[in-house]
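Got your viewer open? Here is a short walk, one selection after another.

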Amino acid sequence: MAEFSGEPRGEGRRIVVVASRFNEGITVPLAEGAVSALVEHGVRFEDIDVCWVPGAWELPVAVRRALSTERYDAAVAVGAIVRGDTPHFDVVVNESSRGLMEASRDFDVPVTMGVLTTDTMAQAEERAGGVHGNKGADAALAALEVLDLFDRAFADVFDDDEDA
């Protein structure tokens, strides 16, 4: 039985970070955490693009547009959706996460989710560089790990297809 896992290796990768401006006090640290983690793991700063959208609702369409350029090996989405008094939270959480997963599936590219879905702003702060770390950084490392897994487990399969 073969068993594969990836490491967060960024050398030679080109990554787009798509970030929501809504709840900017949270999303800026998430985006900064993602960029820092990518650079720390070998992605050249020049090979990272950061695209800002108004809110989490717009993340999927921006990720899809970025991936359609075929410039990027992966996309990292960051945002903060904090529960309010209306069902709007549920709609935005469900549809933005579904849209990000569909983009990953449709483009066959890792799209990782550093989008916080919290009950309170304090919980979001704890996950944007506070006691629970930086989920933007975690999402960036997950993207690199999945890319490395693809290289280790499936590269020869796709290389053979191209040669045929």
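A residue counts as buried when its relative accessible area is under 20%, and as exposed when that area is over 50%. Keep in mind as you click around that this is a predicted model.

**Stop 1: Val109.** Let's put that cut-off to work straight away. Select Val109, which sits in the loop between helix 3 and strand 4. Its relative accessible area is 14%, so Val109 is buried. What does Val109 touch, not counting residues up to four places away in sequence? Show the surroundings and you'll find Leu67, Tyr72, Asp73, Ala74 and Ser104. Try a distance label on one of these: from C-alpha to C-alpha, Val109 and Ala74 are 5.7 Å apart in space, though their positions lie 35 residues apart in sequence.

**Stop 2: Asp108.** Now step back to Asp108, also placed in the loop between helix 3 and strand 4 (111-118). Is Asp108 buried or exposed? With a relative accessible area of 59%, Asp108 is exposed. Have a look at the backbone here too: Asp108 is not a glycine, yet its phi is positive, at about 55°.

**Stop 3: helix 2 and helix 3.** Time to zoom out a bit. Select residues 59-68 for helix 2 and residues 88-107 for helix 3. Two packed helices are described by the angle between their axes and the distance between the axes. For this pair, the angle is about 15° and the axes are 8 Å apart. Angles under 35 degrees count as roughly parallel, and that makes helix 2 roughly parallel to helix 3. As for handedness, the crossing of helix 2 and helix 3 is right-handed.

Next, show the side chains where the two helices meet:

- From helix 2, pick Leu59, Pro60, Val63, Arg64, Leu67 and Ser68.
- From helix 3, pick Glu95, Ser96, Gly99, Leu100, Glu102, Ala103, Asp106 and Phe107.

Colour them by class and the contact of helix 2 with helix 3 comes out as seven nonpolar, three polar and four charged residues. You may recognise Leu67 from the first stop, where it was among the residues touched by Val109.

**Stop 4: Val61.** Stay in helix 2 and select Val61. Val61 counts as exposed because its relative accessibility is 56%. For a sense of scale, draw a line from Val61 to Thr118: the two C-alpha atoms are 22 Å apart in space, and the residues are 57 apart in sequence.

**Stop 5: Asn23.** Jump to the loop between strand 1 (15-20) and helix 1 (24-40), where you'll find Asn23. Which way does its phi go, positive or negative? It is positive, at about 65°, although Asn23 is not a glycine. Turn on the side chain and follow it: the side chain of Asn23 reaches the backbone oxygen of Ala80 at 2.8 Å. Leaving aside neighbours within four places in sequence, Asn23 is in contact with Ala80, Val82 and Met121.

**Stop 6: Asn134.** Finish in strand 6, made of residues 133-134, by selecting Asn134. Asn134 counts as buried because its relative accessibility is 15%. What does its side chain reach at 2.9 Å? That is the backbone oxygen of Pro29. The side chain of Asn134 also reaches the backbone nitrogen of Gly136, at 2.8 Å. Now show the rest of the surroundings: beyond neighbours within four places in sequence, Asn134 is in contact with Pro29, Leu30, Gly33, Arg127, Ala128 and Gly129.

Note on methods
Residues are numbered from 1 along each chain as its sequence is written. This is a predicted model: local features need pLDDT of at least 70, side-chain atom pairs count only at pLDDT 80 or more; totals for chains, interfaces and linings use all residues. Side-chain values use heavy atoms; hydrogens and water are left out. Axes are lines fitted to C-alpha atoms, for helices over the stretch in contact, and angles run from 0 to 180 degrees between N-to-C directions. Helices (H or I, at least four residues) and strands (E, at least two) are DSSP runs, numbered from the N terminus. Angles under 35 degrees count as roughly parallel, over 145 as roughly antiparallel, 65 to 115 as roughly perpendicular and the rest as oblique. A crossing is left-handed if the near helix is turned anticlockwise from the far one by less than a right angle, and right-handed if clockwise. Contact means heavy atoms within 4.5 Å. Ala, Val, Leu, Ile, Met, Phe, Trp, Tyr, Cys and Pro count as nonpolar, Asp, Glu, Lys and Arg as charged, and the others, Gly among them, as polar. Buried means under 20% relative accessible area, exposed over 50%, partly exposed in between (1.4 Å probe, protein chains only). A polar contact is a pair of N or O atoms within 3.5 Å; within protein, one must be able to donate a hydrogen and the other to accept it, and residues adjacent in sequence count only if both atoms are side-chain atoms.
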